[in-house]
Amino acid sequence: MAGSRKLSGLRRGLVVQAARQLAPKVTQAAPGLTHSFVREALHRAIAGIGPLAPAAQAAEAQLREQRHDVDRAVRELIQNHTAYASAEGLSTNLGGLVTAAFVAPASITGLALIQCRMVAGIAHLRGYDLADPRVRNAVLVTLLGDEGVRKLVKDKKLPAPPMAIATAPAHDPTLDRHVSSLLAGELIARVVGKRAVTTVGKRVPLVGGAVGAVSDGWATWRVGRYADAELLPLARR
């Protein structure tokens, strides 16, 4: 039990430290987050930031730990990042309603960073090249979730689901800004415009922290499961 609490505290510290390095960029942009913020979060997730190792490196470590069983490594990535997101949600929401305006930028940063890193790691394990701009766009689109992607494709606001974008015959540069802008809007809706239950929960500081932990963890788990189902294996490079 003591070891579990120690690990939880370490995870929380790593995520918060990484989030704080990006928070000033978000503070300057909020409330109108731009596509450049989303690209910066994606870059940091893939390349690594502070104590968080690059996405591919972390994924490879999980693959070795799981004795080169890709599916088990993917499941472990999802579980770990769900825990990271829960810790991040808890740490950035403990202040209650009074501090909500101050923690929102860090919360947006942390959640985007964690989810980008998770999906990028899954993509790497499934054989996708994270240096490929098509794959990077696919990572960002995956963060919109299954239902969101289906609706956007149906409404012709997205050309295709993530895997089709990642494996398209050629990269469409016009898609870069469009995808980033869609995700920026989604992140604002998720974090700044909290659901009614989160708003109510934040009126009591400790309850607000619990709500933040559960909602961020649940959202991250769902994104991970979508990435697992959507990004089918390619020949690993």
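Hi everyone, here is a short tour of one predicted model, from its confidence to a helix and two loops.

First, the ground rules. This is a predicted model, in which local features need pLDDT of at least 70, side-chain atom pairs count only at pLDDT 80 or more, and totals for chains, interfaces and linings use all residues. Residues are numbered from 1 along each chain as its sequence is written, and side-chain values use heavy atoms, with hydrogens and water left out.

On confidence, pLDDT is the predictor's own score for each residue, from 0 to 100. The protein chain has a mean of 77, and 65% of its residues reach 70 or more. Residues 90–104 stay under 50, with 26 contacts beyond four places in sequence, a contact being heavy atoms within 4.5 Å. Residues 195–210 also stay under 50, with 25 such contacts. Where pLDDT is low, the predicted coordinates should not be read in detail.

Now to helix α2, residues 35–47 (helices are DSSP runs of H or I, at least four residues, numbered from the N terminus). Its 13 residues should span 18 Å at 1.5 Å a residue, and the end C-alpha atoms are 18 Å apart, which agrees. The expected span is 1.5 Å times one less than the number of residues. Buried in α2 (under 20% relative accessible area, 1.4 Å probe, protein chains only) are H35, F37, V38, E40, A41, L42, A45 and I46. Just after α2, G48 has a positive phi of about 100°.

Finally, two loop residues. Most residues other than glycine have a negative phi. H68, between α3 and α4, has a positive phi of about 65°. K156, between α7 and α8, also has a positive phi of about 65°. Exposed means over 50%: H68 counts as exposed at 58%, and K156 counts as exposed at 76%.
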